[in-house]
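Morning, everyone. Please take a look at the sequence and the structure on the screen, and then we'll go through some of the packing.

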Amino acid sequence: MKNTRPVLLPLVLALSALCAQAGPQREEPLADAVRTALSAAVTQQGPPELVHADVQSEQTFAAWLAHTQNVLRQRLRPRGSPSARAQTNVGQSSATPNHELDADSLQREFLHTVWYESQRAGLDPAWVLGLIQVESGFRKFAISRAGARGYMQVMPFWTRVLSDGDASQLFHAQANVRFGCVILRHYLNLEHGDLALALSRYNGSRGQSAYPTAVLSASKAWRPR
């Protein structure tokens, strides 16, 4: 990918009835400089397609994509379904779609977004995928009891603090993942690189171990061996 150095090291309205597992991220006072940096990171547009700097980086991404898409298919497989999923000649599932990411093309688009936004924020993509797995179960329109939205279960107040206040953008995949990655990067900076504390702060349960343990356990499967 062309220069993906982190920019944050000093980011159809259709609501699902699904309740996700997010705790309430807490709105905290932000210094003006921090607010400005976070806002810029959220609003800066990314490229519509990944561009790799060299053959090696392209191969690294291809290996990551193949691994993570295979894991994602397994996570989305309905309980009780056959272990071998029927495929058509073009690689699509022959079953009736039952999830927002059922189609191979949508899985790849989602994973491209996760890769780009996590690299952009200086995060391990495995952390981000583990967080999404725990928070929303990969449901684009998930809403928690606390009101957190989308894949990364972002609280609507962040759109007021960092953007134009339109919380509906949190149901757009790239916007949601960008907000989530920017917020997690911010918390990681606040916690001086302590990932467990950053994750528990993200979940609104700072200092408790259950949530970071769940995310870090889930992230192991997303990291190519």
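Is Phe-171 buried or exposed? Keep in mind that this is a predicted model. Phe-171 has a relative accessibility of 4%, so it counts as buried. The cut-off for buried is under 20% relative accessible area.

Let's move to its ring partner. Phe-141 is buried too, with a relative accessible area of 14%. Now the tilted pairs, starting with another one. Phe-138 and Trp-222 form a tilted aromatic pair, 5.5 Å centre to centre, with 55° between the planes. Phe-138 sits in the loop between H4 and strand S2 (143-144), and Trp-222 in the segment after H8, so this pair ties together parts that are 84 residues apart in sequence. Both Phe-138 and Trp-222 are buried. Back to Phe-141 and Phe-171. Their ring centres are 5.9 Å apart and their planes meet at 45°, so this pair is tilted. Phe-141 is in the loop between H4 and S2, while Phe-171 is in the loop between helix H5 (157-162) and H6, so the pair ties together parts that are 30 residues apart in sequence.

How many aromatic pairs are there in total? The count comes to 10. Ring pairs also build a cluster, which links Phe-110, Phe-138, Tyr-151 and Trp-222.

One more phenylalanine. Phe-157 belongs to helix H5. At 13% relative accessibility, Phe-157 counts as buried. From the C-alpha of Phe-157 to that of Gly-147 is 9.9 Å, and the two residues are 10 apart along the chain.

Next, helix H2. It covers residues 55-76, which is 22 residues. From first C-alpha to last, H2 reaches 31 Å, close to the 32 Å expected at 1.5 Å a residue. Which residues of H2 are buried? They are Ser-57, Phe-61, Trp-64, Leu-65, Thr-68, Gln-69, Val-71, Leu-72 and Leu-76. Look down the axis of H2, and these buried residues fall within an arc of 170°, so they line one face of the helix. What do they pack against? The partners are helix H3 (104-121) and helix H4 (125-136). Turn H2 to its other side, and Val-55, Gln-56, Gln-59 and Ala-66 are exposed. Check the start of H2 as well. There, a side-chain oxygen of Asp-54 comes to within 3.2 Å of the backbone nitrogen of Gln-56.

On to H3. Its 18 residues should span 26 Å at 1.5 Å a residue, and its end C-alpha atoms are 26 Å apart, which agrees. H3 has a long list of buried residues, so I'll pick a few. Among them are Asp-104, Gln-107, Phe-110, Leu-111, Trp-115 and Tyr-116. Glu-117 and Arg-120 are on that list too. Just after H3, Gly-122 takes a positive phi of about 75°.

That brings us to charges. How many salt bridges are there? The count comes to 7. Start inside H3. Glu-117 forms a salt bridge with Arg-120, and the closest N and O atoms are 3.9 Å apart. Glu-117 and Arg-120 are 3 residues apart in helix H3, so about one helical turn separates them. At 1% relative accessibility, Glu-117 counts as buried. Arg-120, at 6%, counts as buried as well. Who else joins Glu-117 and Arg-120 in a network of salt bridges? Arg-178 does.

Now Arg-223 and Asp-124. They form a salt bridge, with the closest N and O atoms 2.7 Å apart. This pair links distant parts of the chain, 99 residues apart. Arg-223 is in the segment after helix H8 (210-219), and Asp-124 is in the loop between H3 and H4. Arg-223 counts as partly exposed, at 33% relative accessibility. Asp-124 is partly exposed at 24%.

Last pair. Arg-201 forms a salt bridge with Glu-191, and here the closest N and O atoms are 2.9 Å apart. Arg-201 lies in helix H7 (residues 195-202) and Glu-191 in the loop between helix H6 (173-190) and H7, so the pair ties together parts 10 residues apart in sequence. Are they buried or exposed? Both Arg-201 and Glu-191 are buried.

That's my tour. Over to you.

Conventions: Residues numbered from 1 in each chain as written. Predicted model: local features only at pLDDT ≥ 70, side-chain atom pairs only at ≥ 80, totals over all residues. Heavy atoms only, no water. Helix = DSSP H or I, 4+ residues; strand = E, 2+ residues; numbered from the N terminus. Expected span 1.5 Å × (residues − 1). Buried < 20%, exposed > 50% of the residue type's maximum accessible area, 1.4 Å probe, protein only. Arc of directions from axis to C-beta. Contact = heavy atoms within 4.5 Å. Polar contact = N/O pair within 3.5 Å; in protein donor to acceptor, adjacent residues only side chain to side chain. Salt bridge = Lys/Arg side-chain N within 4 Å of Asp/Glu carboxyl O. Phe/Tyr/Trp six-rings, centres within 6.5 Å; stacked < 30°, edge-to-face > 60°.
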